[in-house]
Amino acid sequence: MGCALSGSGITLGKSISEAKRCPSLDGGLELKAESGEEKIAAQPFPLLEPQKELIQESWKILHDDIARVGIIVFIRLFETHPECKDVFFLFRDIDDLQQLKMSKDLQSHGLRVMSFIEKSVARLDQEDKLEQLAFELGRSHCRYNAPPKYYEYVGTQFIGAVQPILKEKWTPEVEKAWETLFKYVTDTMKRGFYEEEKKSKVNQALYSRKAGAAQNSI
Ligand code: HEM
């Protein structure tokens with residue numbers, strides 16, 4: 001207690017040490033959580049060993065197609081949720097999705113996202129590292145102003161895009177394993193997002209208070 005944020009209804013991540021730290025503010029500033037904030041508790045790593053193996057095996061097959069999958073995922077995201085496109089400086093002014101499909105920027109963005117998934121798959125046995133990776137990604141998405149409510153759609157589109165590539169290797173068990181991984185990653189990203197959002201509010205509040213004090217002393 002004694003923290004200006006205690007009682008704000010914000011659930012902090014449990015195993016990320018930075019998320020546990022409570023910013024100490026002399027004088028106690030009142031900060032409220034964003035209205036859209038969900039309470040997401042840190043969860044134990046949810047994947048069982050056989051599920052990890054299913055993901056690793058299917059990734060080996062998908063690996064050669066990741067550039068294509070990355071593009072499909074984002075084109076479908078923009079088709080189903082056009083408001084997501086506005087978050088991207090590079091894409092917001094391109095209305096024609098066929099033109100966007102050909103864009104080198106979309107290709108390289110899709111590849112960056114796929115390479116994050118590749119890193120996640122490589123860290124299925126290093127849970128702390130995977131958690132840290134997804135948490136930091138959530139923090140950077142706060143700086144990109146990318147709202148958490150859309151993160152899970154990326155998983156949905158990924159699953160839709162890889163299903164036809166895996167053909168008969170796609171089973172309900174494989175689907176469940178990927179869904180579980182995406183749920184874990186996106187929940188962890190959301191915690192990172194809210195942590196970063198809270199930090200920036202604390203900084204803004206401190207800045208305003210200092211600016212006010214400086215004004216009063218003139
Ligand atoms: C599972 C969900 C998602 C994953 C894994 C993901 C992953 C990534 C990765 C790896 C990057 C590269 C930069 C970095 O590492 O910080 C990135 C950048 C970015 N993402 Fe996401 N992302 C997701 C969802 C979203 C959604 C839903 C939006 C928009 C509503 C979004 C908006 C952005 C923006 C604006 C950037 C910066 C682009 C730039 O560099 O110009 N992301 N994302």
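**View 1. Residues around the ligand in the predicted model.** In this predicted model, 17 residues surround the ligand, and those that come nearest to the ligand are Phe88, Arg112, Ser140, His141 and Tyr144. Sorted by class, the shell around the ligand consists of 12 nonpolar residues, 4 polar residues and 1 charged residue.

**View 2. The iron atom of the ligand and its protein donor.** The protein supplies a single donor to the iron atom of the ligand, namely NE2 of His141, which lies at 2.1 Å from the metal. His141 belongs to helix α6, and the residue is also listed among those that come nearest to the ligand.

**View 3. Polar side-chain atoms facing nitrogen and oxygen atoms of the ligand.** For Arg112, a polar side-chain atom is placed 2.9 Å from an oxygen atom of the ligand, while in the case of Ser140 an N or O atom of the side chain is 3.1 Å from a ligand oxygen atom. His141, the residue that provides the iron donor, has a polar side-chain atom 2.9 Å from a nitrogen atom of the ligand.

**View 4. The pocket of the ligand and the helices that contribute to its shell.** The ligand takes up the space of the largest pocket. Two or more residues of the shell around the ligand come from each of the elements α5 (104-122), α6 (127-143), α7 (151-166) and α8 (172-216). Among these elements, α5 makes the greatest contribution to the shell, with 4 residues, whereas α6 is the helix in which His141 is found.

Technical notes: Residues are numbered from 1 along each chain as its sequence is written. This is a predicted model: local features need pLDDT of at least 70, side-chain atom pairs count only at pLDDT 80 or more; totals for chains, interfaces and linings use all residues. Side-chain values use heavy atoms; hydrogens and water are left out. A residue is near a molecule or strand if one of its heavy atoms lies within 4 Å of it. A polar contact is a pair of N or O atoms within 3.5 Å; within protein, one must be able to donate a hydrogen and the other to accept it, and residues adjacent in sequence count only if both atoms are side-chain atoms. On a 1 Å grid over the protein atoms alone, a cavity is a set of points where a 1.4 Å probe fits but cannot get out, and a pocket is an open set with protein on both sides within 12 Å along at least five of seven lines; lining residues have an atom within 4 Å of a point. A molecule sits in a cavity or pocket if more than half of its atoms lie within 2 Å of its grid points. Ala, Val, Leu, Ile, Met, Phe, Trp, Tyr, Cys and Pro count as nonpolar, Asp, Glu, Lys and Arg as charged, and the others, Gly among them, as polar. Donors are N, O and S atoms within 2.8 Å of the metal (3.2 Å for Na, K and Ca); water is not among the atoms, so sites may look incomplete.
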